[in-house]
Amino acid sequence: MNDTLTFRYTIDGDDFTRAGEASSSVKNKLKQLGLDSDVIRKVAIAMYEGEINMVIHADGGEITVSVSDSDITMILADRGPGIPDVDQAMQEGFSTARPEVRSLGFGAGMGLPNMKRYTDEMKIDTVIGEGTTITMKVYI
Amino acid sequence: MNTNKFMRSVRLRESACQGCINCIKYCPTQAIRVHNGKAHIIDKFCIDCGRCIRYCPHHAKVAVYDPLSVINNFKYTVALPAPSLYAQYNNLTNVDIVLNALLKLGFDDVYEVSAAAELVSEASREYIKEHAEEAPFISSACPSVVRLIRVKFPSLISRLLPIKAPVEVAAELARAKAMKKTGLKPEEIGIIFISPCPSKVSYARAPLGIEKSNIDNVVAIKDVYPLLLPHMKHDDSQLLPLSNSGRIGIGWSNAGGEVGGLLVDNYLAADGIVNILRVLEELEDEKLHGLTFVELNACNGGCVGGTLTVENAYIATTKTKRLVKYQPVSRNHLEDNPELGNIYWADNVEYEPVFRLGNTFKESLQMMGEVEKLTARFPGLDCGSCGAPTCQTLAEDIVRGDATPNDCIYVLRSNIADLSEKIRHLMQPKGSGNPSASSKETLSGEDQALLKQYIQELTGELASFGVPEHLRPHGEPEGKHTGNEVNRS
């Protein structure tokens, strides 16, 4: 698999104005690769939701995006508090975002459900007090 | 198929270009490079927005458009004044003053673009109502916006309102009216648009959404404006009543004017190419919710901010508002215009993946890998000295075969430093602390060959960096000069 291209992004915590820069950068790279706009859209939305989650809950983290000729893999790793109940967190509308975050229009409890909806594979590895790593794949 | 689909009306006046980097920095689609001391516009990346015209300090970017003398090419001519023309004049209270002056200038008739705009508004209202579930729609009246979406936002093409621009509708109706009135053949009638921007010039020659435009020629507001002034001293009683548009139609000249005619509450109206780029990014990412309509104008302030206008865009905005204050809301209705065959687009706008790196995904992926490697080598200053707007674009140009790594002055500098170091090392006599003593004698034949090779490489490096002719020192051959530079270091 030497045809895989990898991009790495560091996400700053608590900076809502800059959240979305990484997903935007990925989106523009995928366009340059000439990928189908539906694939690009799925990746951009899923990654943006993940990016926002990292900003809201985990004080940032690292995103690694790998593009191969079969799929796009996004690995979002943070050192946040972890997710106590993943099934609950996956429910639409469930949110633990602080009120001030909600007042900005975020934290509607659609982040994780949207990430699942827009990707072909999604895996959540989380340890309380240590952090969460979410791996998402969108097939090409 | 349109053969000149990347036609543009923004051009370079080479004699005026100083090779500075202002234009490459301001171009929103990174369509300009400076090579050999002159700017070059890349056709397929250019969306004709005219921003470089505004920012070039040497006035080396110009718009091409037709001279007013084109009215002599036809038996009968109809002027299509853009509503932004009215906003150029001070204290204008009656549009008929401008329209009558156009007749005195030599046109046989006038057809206001603002009248057609009211038909477009009506058709848009109906279309949006009938296709409510497909909202939000993006306005398609500004040709630069359509061209931007066509090359950069494939997923938003289907959101473009598939309705002809007001000027096109005006041209169609004007020709039909003139043919009926004069009995002339269509080609004997000249439909001449008085435009606020070069983007419409390209549109008239290579339209998107329809196969051929009804506009024959496009002249500039800034050319027509002063010529009309002497004809505007008027006696109200002698004015022919020509004006036939209301608040909605004339309002189209301002940002927010188009949505004003749609009577929708949930809209976004953005103007200025940088702002609309941001809006399109957000629309594409589905970050904007609950919108019915998105009005986008490439120029600040809307069409009144076009590069072919005279008046300050914001003063012009106020003037338009003052002019329409006592006008009826709208004076044109689709049912009264049966001559208008079809107000909708006949052609689909196709995505043009001009920013794609390679021809296939595999090729693009491999090229992007090279771009990443190159970008890591560059300093990331986006200084523009190489002639590309950013380090990233230089890397892309190199991978496409349009530039070399040595175009980066930092890469070049480090290569030169490296070679100079090798030469210094070679010149240093082995076992002696004094390099200047007798270096010549101590060089073996092998070392001499190496030295010759290094010097050749060095001059090659320097020659590869395009220094414009006028910046080169006079009376000194290039090779000798670079040689001196080397010795000095």
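These numbered points go through the domains, the nonpolar core, one covered helix and the contact between chains in a predicted model.

1. Domains of chain B. Chain B is split into three parts: domain 1 covers residues 1-64, domain 2 covers 68-336 and domain 3 covers 404-488. Between domain 1 of chain B and domain 2 of chain B, the C-alpha centres are 25 Å apart. Their contact draws 17 residues from domain 1 of chain B and 17 residues from domain 2 of chain B.

2. The domain 1 side of that contact. Which helix gives the most to the side of domain 1 of chain B that touches domain 2 of chain B? Helix α2 of chain B, residues 51-55, does, with three residues. Sorted by class, this side of domain 1 of chain B holds eight nonpolar, four polar and five charged residues.

3. The largest nonpolar core. The largest nonpolar core has 149 residues, and the members that touch the most others are B:Val78, B:Leu80, B:Val98 and B:Ala170. The element that gives the most to this core is helix α2 of chain A (residues 37-57), with eleven residues. Note that this helix belongs to chain A, whereas the α2 of point 2 belongs to chain B.

4. Where the core lies. Domain 1 (1-64) and domain 2 (68-336) of chain B both supply residues to this core, so the core lies between them.

5. One well-connected member. What does B:Ala170 touch, leaving aside residues up to four places away in sequence? Its partners are B:Leu80, B:Tyr111, B:Val113, B:Ala115 and B:Ala116. Of these, B:Leu80 is also among the four core residues that touch the most other members.

6. A covered helix. Helix α15 of chain B runs from residue 391 to 400, and eight of its ten residues are buried. The buried ones are B:Cys391, B:Thr393, B:Leu394, B:Ala395, B:Glu396, B:Asp397, B:Ile398 and B:Val399. Charged residues appear in that list, including B:Glu396 and B:Asp397. Part of the cover over the buried residues of α15(B) comes from α14 of chain B (361-377). Just past the end of α15(B), B:Gly401 has a positive phi of about 90 degrees.

7. Contact between the chains. How many residues of chain B are in contact with chain A? There are 15, and they meet 16 residues of chain A. On the chain B side, α14(B) gives the most, with six residues. By class, the chain B side comprises seven nonpolar, three polar and five charged residues. Helix α14(B) thus appears twice in this note: in the contact with chain A and in the cover of α15(B).

Terms used. Residues numbered from 1 in each chain as written. Chains lettered and ligands numbered in written order. Predicted model: local features only at pLDDT ≥ 70, side-chain atom pairs only at ≥ 80, totals over all residues. Core = buried A, V, L, I, M, F, W, Y, C linked by C-beta atoms within 7 Å. Buried ≥ 20, exposed ≤ 12 C-beta atoms within 10 Å, placed from the backbone. Helix = DSSP H or I, 4+ residues; strand = E, 2+ residues; numbered from the N terminus. Domains from an automatic or database assignment. Contact = placed C-beta atoms within 7 Å.
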